[in-house]
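Q: Please take a close look at one part of this model, the place where two helices pack against each other, and then follow with the aromatic rings elsewhere in the chain.

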Amino acid sequence: MNDDIVALFIPIILFIVTGIVMIIWMFFRSREKQMLIEKGFTADEIKAIYFRKKDNNTLMKIGIIALGFGIGLGIGLWLEDLTSKEFWIPFFLFVFTGIGFIAANLIGNKLKKESV
């Protein structure tokens, strides 16, 4: 297949798939609300379900995870250059991203306990 045609279809397919996902999400969200109303929930109960207290530390958690990913990528690239072995990058990506998830969870739980 011609590369120009493939390059033309990539953004078109991207927008079509994004639109389909958004329409399906809105459909199921409205269907969920209809089912709650049919079950006999009051307006206050529905608000309590949809408007729960959100976690204020989400950006901090994402930052910690991204930092772990970046450190793992940097160390993996550095060790790959030193040793000419290709397994360092995925190894350190998984290790440091996992450490980032664990650290974000521990710090988030600590901050949640302090705020309560």
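A: In this predicted model, helix H1 passes helix H2 in a right-handed crossing. By residue class, the contact of H1 with H2 has five nonpolar and three charged residues, and no polar ones. H1 covers residues 3-38 and H2 covers residues 43-50, and the two pack at an angle of about 140°, with their axes 10 Å apart. That angle makes H1 oblique to H2, because only values over 145 degrees would count as roughly antiparallel. On the H1 side the residues that take part are Arg29, Glu32, Lys33, Leu36 and Ile37, and they meet Ile46, Ile49 and Tyr50 on the H2 side.

Turning to the aromatic rings, a pair of them is described by the distance of the centres and the angle of the planes. The count comes to six aromatic pairs. Phe91 and Phe92 form one aromatic pair, with 5.0 Å from centre to centre and 80° between the planes, and this pair is edge-to-face, since planes over 60 degrees apart are assigned to that class. The two partners can also be described by their accessibility: Phe91 has a relative accessible area of 43% and is therefore partly exposed, whereas Phe92, with a relative accessible area of 14%, is buried, because the limit for that term is under 20%. Both residues also belong to a cluster in which ring pairs link Phe87, Trp88, Phe91, Phe92 and Phe96.

Definitions and conventions. Residues numbered from 1 in each chain as written. Predicted model: local features only at pLDDT ≥ 70, side-chain atom pairs only at ≥ 80, totals over all residues. Heavy atoms only, no water. Axes fitted to C-alpha atoms, helices over the stretch in contact; angles between N-to-C directions. Helix = DSSP H or I, 4+ residues; strand = E, 2+ residues; numbered from the N terminus. Parallel < 35°, antiparallel > 145°, perpendicular 65-115°, else oblique. Left-handed = near helix turned anticlockwise from the far one by under 90°. Contact = heavy atoms within 4.5 Å. Nonpolar A, V, L, I, M, F, W, Y, C, P; charged D, E, K, R; others polar. Phe/Tyr/Trp six-rings, centres within 6.5 Å; stacked < 30°, edge-to-face > 60°. Buried < 20%, exposed > 50% of the residue type's maximum accessible area, 1.4 Å probe, protein only.
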